[in-house]
Amino acid sequence: MSDKVNFGDELVSPEEKTRRVGAVFSSVARRYDIMNDLMSGGMHRLWKDRFANRVKPRAGEVILDMAGGTGDIAFRMAQRGARVTVSDINADMLGVGEQRAKRRGLKGLTWKVENAEKLSFADNSFDAYTIVFGIRNVTDIPAALREARRVLKRGGRFYCMEFSSSDWPGFSNLYEAWSSNVIPRIGKVVTDDEESYRYLVESIRRFPRPNAFKAMVAEAGFVRAAAEPMLGGLVTIHSGWKI
Ligand code: SAM
């Protein structure tokens, strides 16, 4: 069996993938938030609001927001009184997030560099684990899911939001044209980095279909694994429980 993994459409070693994903996010960190608005026409804000509503964070809950990047999801949960640890493999993304949190005067956030595949947190530490638009970038996804389960308390909730290819006729063609042609060009103009945005689009195309990912969540030991598609299946919220 080949030990090569996909970096977008290229086959590389697992170490090379982790290194190159790191380079992508270091390169885009400073412009990441504005690019999200441009690429999604502001829609990512609505998806993230909906995700936070689905998680229903409660005051005092301890939540791990993995691959938390510049903090969009963590901010929404901290505003409801949860104590959120924002973790990401990339210190540049977290650095931008910390500055944003400071400017907004947000409390209840802890920032920590971590690889989702091998967490330093103790077993049974968190009430909820969230990962948004992050897991498709992780080299060993089953390892990250096992770690998510390990660090959750009994009764803890797992939530993941990720892109998926849409099956809606017409819409899928439109999305294909937008993602292959327009997104890398916006990336070039705004960040002078077309390649990173080409990788991001390819990584979406390669991510497992919702039912396949749901099976991976169940395989990692979560119960009641579920996949709720939104917007014609362009984005899916996955969930599961640790018992
Ligand atoms: N969750 C944020 C959001 O929705 O705005 C950021 C999403 S961003 C597209 C993906 C993030 O995944 C990046 O910050 C990247 O550094 C992080 N990431 C990639 N591989 C990772 C890994 N193995 N462990 C932790 N974070 C990782």
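Student: Which residues of helix H2 are buried?
Tutor: Tyr32, Asp33, Met35, Asn36, Met39 and Ser40 of H2 are buried. Buried means under 20% relative accessible area, with exposed over 50% and partly exposed in between (1.4 Å probe, protein chains only). H2 itself is a DSSP run (helices: H or I, at least four residues; strands: E, at least two; both numbered from the N terminus).

Student: What kind of model is this?
Tutor: It's a predicted one, where local features need pLDDT of at least 70 and side-chain atom pairs count only at pLDDT 80 or more, while totals for chains, interfaces and linings use all residues. Residues are numbered from 1 along each chain as its sequence is written, and side-chain values use heavy atoms, leaving out hydrogens and water.

Student: Back to H2: what makes its buried residues line one face?
Tutor: Looking down the axis of H2, they fall within an arc of 160°, so they line one face of the helix. The arc is taken over the directions from the helix axis to the C-beta atoms. After H2 comes glycine 41, with a positive phi near 60°.

Student: Why is H2 called roughly perpendicular to H3?
Tutor: H2 (residues 32-40) and H3 (residues 43-55) pack at about 100°, their axes 7 Å apart. Axes are lines fitted to C-alpha atoms, for helices over the stretch in contact, and angles run from 0 to 180 degrees between N-to-C directions. Under 35 degrees counts as roughly parallel, over 145 as roughly antiparallel, 65 to 115 as roughly perpendicular and the rest as oblique. So H2 is roughly perpendicular to H3.

Student: Which residues make that contact?
Tutor: From H2, Asn36, Asp37 and Ser40; from H3, Met43, His44, Arg45, Trp47 and Lys48. Contact means heavy atoms within 4.5 Å.

Student: How do you know that arginine 100 is buried?
Tutor: Its relative accessible area is 11%, and the cut-off is under 20%, so arginine 100 counts as buried. Arginine 100 sits in helix H5 (residues 91-104). Leaving aside neighbours within four places in sequence, arginine 100 is in contact with Asp33, Thr70, Gly71, Asp72 and Phe75. The C-alpha atoms of arginine 100 and aspartate 72 are 9.6 Å apart, though 28 residues separate them along the chain.

Student: What makes S6 and S7 a pair?
Tutor: Two strands pair if DSSP finds at least two bridges between them. Strand S6 (residues 126-132) and strand S7 (residues 152-163) run parallel and are joined by six bridges, so they pass that test. Threonine 130 stands opposite tyrosine 159 in S7.
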